[in-house]
Amino acid sequence: MAGLSPPVEGTLTLKGVSLSTAHAAYCRQVFRVDPRADTHDAMPVGHFFSSLEVLYPNFSPTDLADLVAGFSLQAQLDKCLYMLSTGTRRKVLLAAALASGAALTLLDEPFAALDRPSVMFLHAVLTDAAHHPHRAFVIADHEAPEGIPLAACIDLA
């Protein structure tokens, strides 16, 4: 779904854009960041956020400001990503994902390593997002998050 490799069968199309015929345009509609990747480690958090405005045409600075406040990230904006704890790094990546405005946002274990207030905040944000049909979120986790209205749940057990 992220566009990293072609599908084995069928085609991937997102808002009328096919992965096979318009790879770059398709990928601009998908937000995915591997929390273990060191690609942006030397970049200050504020610069990381600014770099996303160029990549994602629907990036919302207003939403980002709300997410920075909700995840208590104000004091981290001038720090480089490598300086952050695992939980704080995850909050930065979640704020980026949620503010990206991407048509498809892929979240891998979004609640992992978060403090309780951040878990509650993320839960509220995802619950609200479930009521906005212009974006889709795919959450990969060991358990379906309780109380968040899900369109579907796939059990890979």
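# A guided tour, starting at Thr88

Start by selecting Thr88 and Ser85: their side chains are joined by a polar contact of 3.1 Å. A polar contact here is a pair of N or O atoms within 3.5 Å; within protein, one must be able to donate a hydrogen and the other to accept it, and residues adjacent in sequence count only if both atoms are side-chain atoms.

Before moving on, a word about what is on screen. This is a predicted model, in which local features need pLDDT of at least 70 and side-chain atom pairs count only at pLDDT 80 or more, while totals for chains, interfaces and linings use all residues. Residues are numbered from 1 along each chain as its sequence is written, and side-chain values use heavy atoms, with hydrogens and water left out.

**Stop 1: around Thr88**

Keep Thr88 selected and show the ribbon: this residue is in helix H4. Helices (H or I, at least four residues) and strands (E, at least two) are DSSP runs, numbered from the N terminus. Thr88 is buried, because its relative accessible area is 15%; buried means under 20%, exposed over 50%, and partly exposed in between, with a 1.4 Å probe and protein chains only. Now display Leu73 and Gln76, which Thr88 contacts once neighbours within four places in sequence are set aside. Contact means heavy atoms within 4.5 Å.

**Stop 2: the whole chain**

Zoom out and colour by secondary structure. You should find five helices and five strands, in the order β-β-α-β-α-α-α-β-α-β from the N terminus. Along the principal axes, the C-alpha atoms fill a box of roughly 45 × 35 × 30 Å. The radius of gyration is 16 Å, which agrees with the value near 15 Å for a compact globule of 157 residues. That radius is taken over C-alpha atoms, and the globule rule is 2.2 Å times the number of residues to the power 0.38.

Try a surface view next. The chain exposes about 9,200 Å², and carbon and sulfur atoms supply 57% of that area. Accessible areas come from the Shrake-Rupley method with a 1.4 Å probe; for residues, only the protein chains shown count as cover. Of the 157 residues, 39% are buried. Among contacts with a separation of 6 or more, 66% are between residues 24 or more positions apart.

**Stop 3: Ser100**

Follow the chain to the loop between helix H4 (86–99) and strand E4 (104–108), where Ser100 sits. Is Ser100 buried or exposed? Ser100 counts as buried, because its relative accessibility is 1%. Show its side chain: a polar atom there lies 2.8 Å from the backbone oxygen of Ala97. The Ser100 side chain also makes a polar contact of 3.5 Å with the side chain of Arg135. To see the surroundings, select Phe31, Tyr56, Asn58, Phe59, Thr105 and Arg135, which Ser100 touches when residues up to four places away in sequence are not counted.

**Stop 4: Leu122**

Select Leu122 in helix H5. At 0% relative accessibility, this residue counts as buried. Which residues is Leu122 in contact with, leaving aside its neighbours within four places in sequence? Display Phe71, Leu94, Leu98, Pro110, Phe111 and Leu114 to see them. For a distance check, pick the C-alpha atoms of Leu122 and Leu98: these residues are 24 apart in sequence and 9.7 Å apart in space.

**Stop 5: two positive phi angles**

Most residues other than glycine have a negative phi. Select Lys15, whose phi is near 50 degrees, a positive value. Lys15 is in the loop between strand E1 (13–14) and strand E2 (17–18), and is exposed, with a relative accessible area of 59%. Then jump to Glu109, where phi is near 45 degrees, also positive. Glu109 lies in the loop between E4 and helix H5 (116–129) and is partly exposed, at 23% relative accessible area.

**Stop 6: Ser18 and Ala65**

Select Ser18 in strand E2; at 14% relative accessibility, Ser18 counts as buried. Without its neighbours within four places in sequence, Ser18 is in contact with Leu12, Thr13, His23 and Tyr26. The C-alpha atoms of Ser18 and Gly3, 15 residues apart along the chain, are separated by 10.0 Å.

Finish at Ala65 in helix H3 (residues 61–70). Ala65 is partly exposed, with a relative accessible area of 46%. Draw a line from its C-alpha to that of Leu107: the two residues are 42 apart in sequence and 20 Å apart in space.
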